[in-house]
Amino acid sequence: MDNKINFTGIKNIASAEFARQGFHPTKNISLVLTDDFHGKDLQEFKTVLSKVKGDSSVYKNEEYPSVINLECLREGGNQGWLSLNGTILEENDANLPVFSYLAKLTRRIMNMPDKEMVVNNDYKNYAANDILIHGTDFGDSYEQLIKDGVVDKMFDRDNVRDGAKSLNNSIQKIMNKYFGIKE
């Protein structure tokens, strides 16, 4: 067991570029939130979701409640939608706290020092198989992805920061469009 200590409440951050059927390639981020003596990141996420009017449970990862999978789905042009744990985050007043939280989270990841980007090797090499991309289980091919270095690249700190930056830019564009701000 890998017993690295994480002081941020965010761990096992990975980023990949892929395309869902019918959409253009995009970056995604997968991460695990925790509560520790330096912060209550998981509790903060739950609190933000509780502010959503209606059924906020659609944005929760029921199987892995501490995991966030975030991706921007793009069609032609600049049209984009943000997906949180496999559900498109509707652009409305009720979801503004979630958009704000995710923008803050991605900025935080972009600026996170290397020493705080903790990856548990047991998580990376075994558990992440069906967690990294929402709705995707790599199955037996995950072992080959490890051997080929693909999994290490997904957890690479610079790759993660690039993914966070890409998603933060997408969130900003979505919010600018929502508020009628021309770019």
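Contact here means heavy atoms within 4.5 Å. That is the sense in which helices lie across strands below, and the model itself is a predicted one.

**The sheet and what lies on it**

Let's start with the sheet. Five strands make it up, ordered β1-β2-β5-β6-β7, and the sheet is open with antiparallel pairing. Its edges are β1 and β7, each of which pairs on one side only.

Two helices lie across the same set of strands. Helix α6 (residues 157-178) lies across β1, β2, β5 and β6, at about 105° to β2. Helix α1 (residues 41-50) also lies across β1, β2, β5 (67-74) and β6, and its angle to β2 is about 115°.

Now for the strand pairing. Between β1 and strand β2 (residues 26-33) there are seven bridges, in the antiparallel sense. On its other pairing, β2 runs antiparallel to β5, with five bridges joining the two. Here are some of the residue matches across these strands:

| Residue | Stands opposite or bridges to | Strand of the partner |
|---|---|---|
| I10 | L33 | β2 |
| S15 | I29 | β2 |
| A16 | N28 | β2 |
| I29 | L70 | β5 |

I29 is worth a second look: it is the bridge partner of S15, and its own bridge partner in β5 is L70.

**How covered are the strands?**

How many residues of β2 are buried? Eight of its eight, so to speak a full house. Both faces of β2 are covered, with T26, N28, S30 and V32 buried on one side, and K27, I29, L31 and L33 buried on the other. Strand β1 is mostly covered too, with seven of its nine residues buried.

**Two asparagines with positive phi**

Next, a pair of backbone oddities. N12 has a positive phi of about 50° although it is not a glycine, and this residue is found in strand β1 (residues 10-18). Buried or exposed? N12 has 3% relative accessibility, so it counts as buried.

N85 also has a positive phi of about 50°, again without being a glycine. N85 lies in a loop, the one between β6 (80-84) and β7 (87-88). With a relative accessibility of 3%, N85 counts as buried because the cut-off for that is under 20%.

**The nonpolar cores**

In soluble globular proteins, nonpolar side chains tend to be buried together. In this model, the largest nonpolar core has 32 residues, and L31, I68, L82, L102 and I109 touch the most other members. At least two residues of this core come from each of β1, β2, α1, β5, β6, α2 (96-110) and α6. Which element gives the largest share of this core? That is α2, with seven residues.

L102 deserves a closer reading. Setting aside neighbours within four places in sequence, L102 is in contact with L70, L82, L84, L89 and I171. There is also a second, separate core of 17 residues, whose members include A14, V32, V67 and V151.

Back to helix α1, where D41, L42, F45, V48 and L49 are buried. Looking down the axis of α1, these buried residues fall within an arc of 125°, so they line one face of the helix.

**Aromatic pairs**

How many aromatic pairs does a search of the whole structure find? Four. One of them is F45 with Y101, a tilted pair at 5.7 Å centre to centre with 40° between the planes. F45 sits in helix α1 and Y101 in helix α2, so the pair ties together parts that are 56 residues apart in sequence. F45 and Y101 are both buried.

Y123 and F155 make another pair: their ring centres are 6.4 Å apart and their planes are at 90°, so this one is edge-to-face. This pair also links distant parts of the chain, since Y123 is in helix α3 (residues 121-125) and F155 is in the loop between α5 (150-154) and α6, 32 residues apart. Y123 and F155 are both buried.

Conventions. Residues are numbered from 1 along each chain as its sequence is written. This is a predicted model: local features need pLDDT of at least 70, side-chain atom pairs count only at pLDDT 80 or more; totals for chains, interfaces and linings use all residues. Side-chain values use heavy atoms; hydrogens and water are left out. Helices (H or I, at least four residues) and strands (E, at least two) are DSSP runs, numbered from the N terminus. Buried means under 20% relative accessible area, exposed over 50%, partly exposed in between (1.4 Å probe, protein chains only). Two strands pair if DSSP finds at least two bridges between them. Axes are lines fitted to C-alpha atoms, for helices over the stretch in contact, and angles run from 0 to 180 degrees between N-to-C directions. The arc is that of the directions from the helix axis to the C-beta atoms. A nonpolar core is a set of buried Ala, Val, Leu, Ile, Met, Phe, Trp, Tyr and Cys residues joined through side-chain atoms within 4.5 Å. Rings of Phe, Tyr and Trp (its six-membered ring) pair if their centres lie within 6.5 Å; planes under 30 degrees apart count as stacked, over 60 as edge-to-face and the rest as tilted.
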